[in-house]
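Dear colleague,

I am handing over the structure we spoke about, together with some notes on what turned up in it. Please look through it with the notes alongside.

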Amino acid sequence: PDVEEGAKVLRHGSIPCYAYPDMACRTFNYMHQYRSNLRSNYERINLQMDLASLRAARLEVSEMIAKIRGTGRSLLTEAESKQLLRVYGIPVTACEVCATPEEAGAAAERMGFPVVVKLNSTTITHKFDVGGVKLNLHTRRDVENAFTEMKESVSRLASPEGFEGATVQPMISLKGIEIILGSSIDVQLGPVILFGMGGSLVEVFKDSALGLPPLNANLAKKMLQRTKVFTALQGVRGMKGVDIDALIDIMVRFSVLIMNHPEIMECDINPLIASADGILSLDSRVLLHDTSVEHFPTPAIRPYPFEYEFVHEIPSGGSVKVRPVLPEDEMRMLGFYSQAAWSEGCDPTTPVNDVPDAPGGCCRWPGAKPKAGDQAARSHLIKTCFADYDRSIVLVVEREQHGEKVVAAAGRCTKEHMSKDLTFALQVLPDFRKLGLGRFLLQDLITTARKEGGQHLKAKVHESNAGALTFLSKLGFSIQSSAGAGLVLCSIAL
């Protein structure tokens with residue numbers, strides 16, 4: 001009875017109370033595992049994505065998909081699928097489409113023997129089932145005969161219309177582990193990425209892991225680690241390990257491909273051969289949504305917003321790029337924080353509500369300036385760089401300095417809770433002032449807030465900061481009544 005009375009007091013105070021110690025230990029372990037999982041999601045990322053190449057790839061593939069959907073098709077041929085992957089930097093085998101046996105023979109001679117001949121079809125998905133794959137062909141006669149036999153087999157087992165020529169590809173002698181990398185649509189979550197053991201027995205072993213795009217290097221690595229095949233990829237029984245970083249890069253690029261093109265309903269790379277000598281896609285399949293579909297599934301995680309990238313020419317010469325922050329920017333942002341003049345402005349990358357004890361509603365860095373290795377700095381950088389591009393969007397200004405790209409200015413706009421208004425803050429490093437970067441950044445923040453559906457963009461400025469108040473007034477901000485603690489509310493309608 002005495003214990004029960006004490007337990008009631010603890011429960012009333014929202015303090016967990018367990019009847020047995022093993023239950024308490026089990027709960028503590030779950031909490032520790034949850035904490036560790038969260039922390040591992042935010043490990044520092046060294047992989048740098050080339051945004052310019054990804055932007056160009058996005059445009060090229062969008063045009064390609066639009067042309068295919070314009071013909072009423074939803075299934076891409078293998079040649080089209082490989083071209084799509086190639087544009088995004090995913091290594092694939094060479095592939096040449098041929099309409100006649102003679103063309104196939106000539107292509108094989110140019111490519112070099114041995115070769116593989118595969119069915120080219122816009123209607124048949126599984127080539128093996130209809131005799132649509134001929135392997136290890138060593139002469140031109142073998143290639144021409146294989147072409148003829150394949151045409152007869154497809155006509156017999158499927159339909160004559162299903163045969164639309166064949167592709168000739170080099171016979172890859174790369175010995176390695178067959179894996180699968182694919183995506184499909186979940187009714188609730190939208191696009192989902194799959195990684196696991198591949199090949200013809202993929203549905204037998206069922207060794208796979210699922211993840212939500214877009215993947216970064218950390219999330220891709222965690223997917224790898226959840227599979228049994230990951231142990232083999234690291235090297236086993238005298239076999240050298242695979243370049244895990246290269247495999248992670250392919251997974252990240254694949255997830256970017258899926259996010260950039262919501263028209264894709266299914267995409268499979270199987271097999272993806274991985275060995276110490278390299279990683280190569282041998283076969284792929286891409287299925288688009290039906291042409292009657294106009295509204296595509298929404299991903300569970302918002303992708304990198306390319307639409308908020310801006311380039312500005314500065315009067316003194318050269319240009320600067322304004323873009324959303326990335327997890328890969330962590331070290332650059334640490335350099336930004338170490339040089340920022342906190343006494344002249346607030347931290348531009350953290351919403352006020354995230355630092356409730358910030359003086360006067362101004363979100364300053366709590367304590368000394370951040371240094372590499374500081375736990376407080378690491379926690380703050382996570383909030384800044386691992387953005388969800390939803391509640392808060394941080395924009396950074398890239399500028400060359402001593403041959404390196406640095407963050408010269410940063411700003412953020414944050415959605416207010418239960419409101420269509422957004423708040424903002426920005427700061428330009430002392431070394432980059434008088435270049436017009438503040439004006440460019442604020443104009444881009446206004447554009448971003450407007451596209452996000454905001455009604456007003458607001459900020460609180462200290463009443464003694466005449467320069468900031470004049471700057472905002474020239475850009476159309478109304479200087480409103482005092483917000484208390486010596487602050488003035490500045491607002492602009494969007």
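Let me begin with helix H6 (residues 140-157), which lies across E1, E2, E3 and E4 and runs at about 165° to E3. Please keep in mind throughout that this is a predicted model.

The strands under discussion belong to an open sheet of four, ordered E1-E4-E2-E3, in which the pairing is antiparallel. Its edge strands are E1 (96-98) and E3 (133-137), each of which pairs on one side only, and the twist from one strand to the next averages 25°. As general background, strands of a sheet pair through backbone hydrogen bonds, in either a parallel or an antiparallel manner. Between E1 and strand E4 (residues 166-170), which run antiparallel, there are three bridges, and within this pairing valine 97 stands opposite threonine 167 of E4.

Helix H4 also packs against this sheet in the sense of contact: H4 lies across E1, strand E2 (115-119) and E4, and its direction makes an angle of about 50° with E4. Within H4, which spans residues 78-87, the buried residues include Glu78, Ala79, Ser81, Lys82, Leu84 and Leu85. In reading such a list it may help to recall that an α-helix has 3.6 residues a turn, so residues three or four places apart point the same way. After H4 comes glycine 89, which has a positive phi, near 80°.

Two further residues have a positive phi without being glycine, and you may wish to look at them individually. The first I would mention is asparagine 136, where phi is about 55°; asparagine 136 is found in strand E3, and it counts as partly exposed because its relative accessibility is 41%, a value in between the 20% and 50% cut-offs. The other is methionine 418, with phi near 55°, which lies in the loop between strand E14 (404-415) and strand E15 (421-428). Methionine 418 counts as exposed because its relative accessibility is 78%, where over 50% is required.

As for the peptide bonds, the one from phenylalanine 113 to proline 114 is cis, with omega near 0°, and proline 114 lies in the loop between helix H5 (101-111) and E2. A cis peptide bond also joins asparagine 270 and proline 271, with omega at about 5°; proline 271, for its part, lies in strand E8 (residues 264-275).

On the surface, Tyr18, Tyr20 and Met23 make a nonpolar patch of about 320 Å². Of these residues, tyrosine 20 is found in the loop between helix H1 (2-12) and helix H2 (21-41), and it counts as exposed because its relative accessibility is 56%.

Finally, is aspartate 249 buried or exposed? Aspartate 249 is found in helix H10 (residues 244-260), and with a relative accessibility of 18% it counts as buried, since the cut-off for that class is under 20%. Aspartate 249 is 158 residues from proline 91 in sequence, while the distance between their C-alpha atoms is 11 Å.

With best regards

Terms used
Residues are numbered from 1 along each chain as its sequence is written. This is a predicted model: local features need pLDDT of at least 70, side-chain atom pairs count only at pLDDT 80 or more; totals for chains, interfaces and linings use all residues. Side-chain values use heavy atoms; hydrogens and water are left out. Helices (H or I, at least four residues) and strands (E, at least two) are DSSP runs, numbered from the N terminus. Buried means under 20% relative accessible area, exposed over 50%, partly exposed in between (1.4 Å probe, protein chains only). Two strands pair if DSSP finds at least two bridges between them. Axes are lines fitted to C-alpha atoms, for helices over the stretch in contact, and angles run from 0 to 180 degrees between N-to-C directions. Contact means heavy atoms within 4.5 Å. Patches are made of residues with over 30% relative accessible area and no salt bridge: like charges are joined within 9 Å, nonpolar side chains (Val, Leu, Ile, Met, Phe, Trp, Tyr) within 5 Å. Accessible areas come from the Shrake-Rupley method with a 1.4 Å probe; for residues, only the protein chains shown count as cover. A salt bridge is a side-chain nitrogen of Lys or Arg within 4 Å of a carboxyl oxygen of Asp or Glu.
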